[in-house]
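Below are my notes on the aromatic contacts and internal cavities of the model you sent. The points are numbered for ease of reply.

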Amino acid sequence: MSELLIKNGFVFDPLQGIKGDRMDIGVKDGKIVEPGTLSSPKTIDAAGMTVMAGGVDVHSHVVGPKVNVGRLFRPEDKLFKSPHKSPTCSRMEMGFSVPSTFKTGYDYARMGYVFVNEAAMPPLHSPHVHEEIRDTPIIDNAAMPVFGNNWFTLEYLKNNEIENNAAYTAWLLRATRGFGIKVVNPGGSEAWGWGLNCVNIHDPVPYFDITPAEIVKGLIETNEYLGLPHSVHLHCNNLGNPGNYVDTLESLKLAEGYTPKNEFGREQVLHLTHLQFHSYGGDSWGNFESRAKDVMDYVNAHDNLTIDMGQVTLDETTTMTADGPFEHHLCSLNHLKWANTDVELETAAGVVPYIYSPNVKVCTIQWAVGLELALFSKDLMRTFITTDHPNAGPFTRYPRVIAWLMSRAARDETMKTFKWLERTIDATSIDGIDRELTLYEIAQMTRAGPAKALGVSNTYGGLAPGMDADIAVYALNPEDMPSNPAEIEKAFSRCAWLVKDGIVTVQDGEVIAEPAKRTVWVDVKVPENAQVQRDIYEHFLRHYSVKLDNYSLFEEHLHNPRVIEVDTTE
Amino acid sequence: MKTVTLTLTNPPELMLEGQNITPDNFAGKKAAEIATLDVWEGKQKSPLGKYFTVEGDGGATAEETKIVLRGDCTRVKRIGQQMTAGEIVIEGNADMYIGGWMKGGKIRVKGNVDSFCGIGMEGGELVVDGDAAHHLGSSPRGEWRGMQGGVIRVAGNAGNDTATFINGGTIIIGGDADIHISTHGEGGTVIVKGNAKGRVGGQMVKGDIYVFGTIENPLPGFQMVGEVEQEVDGEKGRFAHYIGDLGERHPVSKGKPVYANLYTRT
């Protein structure tokens with residue numbers, strides 16, 4: 001079939017330890033091959049440019065019901081912010097913080113990304129999630145069902161029935177075509193049904209007689225029992241409140257003593273998502289301060305953890321999370337509009353618009369906390385760039401986040417705009433950090449690291465022969481980096497070339513082809529478990545508003561699947 | 001100041017989207033160039049010159065440009081949208097969204113305007129000699145930031161939902177106003193010289209409303225606290241002073257809760 005040769009670029013591939021060597025990358029039939037095996041390839045001249053694998057986003061909210069609520073209840077997010085139809089794309093693009101499915105796919109592709117993990121799928125609404133995945137062009141998607149407040153999970157873990165919980169988890173992953181175990185405010189979203197919350201990990205969940213700590217430990221055991229590609233993906237309790245770093249450290253300690261068991265190269269047992277929102281000191285908004293150092297000291301010392309940033313980008317955005325009580329709390333802070341929903345037996349969610357303003361002290365401290373997490377990190381293979389899109393900012397700001405990380409000047413430039421600069425400096429360590437990350441470290445944070453943590457590093461995130469031919473070329477010369485950090489942002493916003501599955505998809509920052517995208521899911525085979533089958537049947541009969549037969553995803557909802565198989569029966 | 005005169009010689013069959021008709025877009029352009037600017041009729045894009053004859057050149061800057069529209073512009077929308085300076089005179093009626101998101105300059109409409117005029121307005125002046133329809137000086141759909149500055153003056157009546165989410169600026173209605181004034185208001189002033197129908201100031205947090213006539217159905221969320229003598233838009237009068245909307249949240253400023261004020265002439 002097709003052959004392609006990307007010539008003379010500076011290649012950064014942390015999975016193979018390649019640090020900017022001048023190399024050729026060969027592509028044949030959608031896979032990466034040794035350049036020598038090609039007969040008559042088309043060539044892309046990448047001389048003077050940076051070549052990386054296609055980007056992998058470990059945590060983003062791009063499809064599903066709460067994203068759609070955000071689109072529906074924020075028409076102003078589209079007003080004057082929707083570019084007219086691009087001359088090269090087939091579909092209209094709309095919105096800023098909650099872009100349409102089409103804009104989502106195109107913008108990720110323009111940034112050189114090829115794989116995006118939807119970080120929270122309400123199991124009951126998985127058909128909707130998969131319909132939107134189908135409508136998101138170019139990028140491959142996976143979606144993680146939420147387990148931390150699921151009645152089945154709570155019941156099994158209360159009785160310490162890990163094997164039954166594993167059987168249920170396997171059933172739900174298959175029923176929803178899900179990718180892994182997501183936990184949002186364990187127990188707290190369920191407590192929200194009673195108008196309550198679990199503000200620390202030992203706060204019992206009403207009715208269920210279990211604590212968030214027990215839920216997280218139980219799910220880690222379940223995850224390692226099954227040997228899933230990804231680890232437990234945890235959004236801690238007490239998000240966004242001053243002083244919550246104490247709860248975060250306690251949550252991190254839950255992973256102590258566990259080691260990963262899987263065949264996918266994953267080395268962590270717990271992924272802590274949007275850690276920025278969980279690294280706060282002080283006891284009020286008045287003495288709010290950064291505790292990123294304390295949290296990162298712990299993360300640096302423990303190999304079985306990975307984290308992502310949740311970087312605040314100082315934009316007007318739309319917060320959305322399965323952490324229902326948090327969204328209510330946020331609405332009473334900013335008095336803007338609020339949507340909230342309960343998903344029967346499974347989870348909840350809320351949506352609130354938010355403005356991260358450089359004139360507000362708390363926002364500028366949050367900005368600093370996110371960057372500190374990355375800049376204090378000793379292992380960038382375990383620290384990933386995210387904005388928790390769209391919670392701390394839209395994913396289209398990743399290039400700006402990269403510029404802040406790579407350039408002290410870029411950080412200084414932004415800090416100059418802060419109204420409470422002195423107070424921000426006092427409450428954080430950001431002004432004392434001179435570290436500037438390298439292109440190799442950025443490649444670790446945006447492709448190799450996330451791919452490894454998700455357990456897909458045999459396919460995504462690297463440039464070794466045999467892997468998917470997903471290659472991003474950026475107009476940046478590592479031997480002659482631009483002195484103006486705005487140029488770095490520009491280069492990462494619009495890649496010079498993106499090759500997806502061997503097809504040239506983006507050229508000079510514009511989408512020129514829309515190759516078939518995939519849905520990635522994990523199919524786990526477990527031994528037959530009559531108890532769990534009976535429990536599921538009984539629960540649906542008694543409690544669910546839908547029948548069991550109508551609950552599981554129908555095949556037509558699933559689009560172009562790539563199945564990762566896990567077998568625990570052997 | 002230079003004047004560009006647009007005369008509607010070939011009226012559109014559908015509504016015309018005239019957001020390009022602003023001093024900002026006309027500045028620095030000759031009449032022939034102005035005639036090539038885009039306007040949309042339904043899904044069709046055409047040059048302005050298809051509908052209007054254009055006479056006169058734009059000034060060097062928006063500030064030095066005046067636009068005069070002649071002919072029946074009842075079907076021309078969005079004139080002066082997002083304009084920052086200069087002047088527009090519409091010598092008859094105009095359609096919806098006139099002066100929407102306006103930042104500066106002045107628009108004078110000698111006839112009536114339709115709905116959504118002056119929405120999201122941040123500055124400048126919009127003067128309507130006739131009536132205005134609904135959502136005058138209101139917020140765009142879904143937006144919680146309504147009119148933030150500037151002045152809207154309507155000589156005749158206004159429809160419903162005037163000044164939704166207003167947080168700055170002034171709206172003066174010479175005649176009567178229909179239901180819903182300053183819903184969710186967080187600032188700004190609305191003056192109704194005639195009568196108001198009802199639901200005045202619902203969920204208002206801050207701001208002032210003056211009604212010279214009567215309110216047909218006042219809201220129970222407002223409480224009378226006294227009478228005041230005040231000069232309002234050049235007229236002196238004695239007003240009953242109400243605070244509200246008591247059902248809404250009330251921020252505290254300098255130790256005192258903030259309420260919206262509603263005044264009706266006694």
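1. Helices, as named here, are DSSP runs of H or I with at least four residues, numbered from the N terminus. The model is predicted. By that naming, helix H12 (residues 398-406) of chain A gives three residues to the lining of the second largest cavity, the largest share.

2. The second largest cavity holds about 40 Å³ of space. Its lining consists of Met111(A), Tyr113(A), Tyr398(A), Pro399(A), Ile402(A), Arg447(A), Tyr474(A) and Phe492(A). By class, the lining residues are seven nonpolar, no polar and one charged.

3. Two residues of that lining, Tyr474(A) and Phe492(A), deserve a separate comment. Over all chains there are 28 aromatic pairs. In one of them, the ring centres of Tyr474(A) and Phe492(A) are 4.6 Å apart and the planes meet at 45°, so the pair is tilted. Tyr474(A) belongs to strand S19 (residues 471-474) of chain A and Phe492(A) to helix H16 (residues 485-493) of chain A, with their positions 18 residues apart, and the pair thus links distant parts of the chain. Both Tyr474(A) and Phe492(A) are buried.

4. Chain B offers an edge-to-face case: Tyr210(B) and Phe239(B) are 5.6 Å apart centre to centre, with 75° between the planes. Because Tyr210(B) is in strand S15 (residues 206-211) of chain B and Phe239(B) in strand S18 (residues 235-244) of chain B, this pair ties together parts 29 residues apart in sequence. Are these two residues, Tyr210(B) and Phe239(B), buried or exposed? Both Tyr210(B) and Phe239(B) are buried.

5. Ring pairs also join into a cluster in chain A, made up of Phe152(A), Tyr156(A), Tyr168(A), Trp171(A), Phe540(A), Tyr544(A) and Tyr551(A).

6. Charges over rings should be listed too. The charged end of Lys19(A) sits over the ring of Tyr440(A), at 4.8 Å from the ring centre. For Lys337(A), the charged end sits over the ring of Phe73(A), 5.4 Å from the centre.

7. How many cavities of 30 Å³ or more does a search of the whole structure find? The search finds two. The largest cavity has a volume of about 40 Å³. Lys66(A), Ala120(A), Met121(A), Pro122(A), Val146(A), Ala322(A), Thr347(A), Ala348(A) and Ala349(A) line the largest cavity. Strand S7 (113-121) and strand S17 (347-355) of chain A are the elements that give two or more residues to this lining. S17(A) provides the largest share, three residues. The lining of the largest cavity divides into seven nonpolar residues, one polar and one charged.

Technical notes
Residues numbered from 1 in each chain as written. Chains lettered and ligands numbered in written order. Predicted model: local features only at pLDDT ≥ 70, side-chain atom pairs only at ≥ 80, totals over all residues. Heavy atoms only, no water. Phe/Tyr/Trp six-rings, centres within 6.5 Å; stacked < 30°, edge-to-face > 60°. Buried < 20%, exposed > 50% of the residue type's maximum accessible area, 1.4 Å probe, protein only. Lys NZ or Arg CZ within 6 Å of the ring centre and 35° of its normal. 1 Å grid on protein atoms, 1.4 Å probe; cavity = no way out; pocket = protein on both sides within 12 Å on 5 of 7 lines; lining within 4 Å. Points joined across faces, edges and corners; volume = space filled by probe spheres on them. Nonpolar A, V, L, I, M, F, W, Y, C, P; charged D, E, K, R; others polar.
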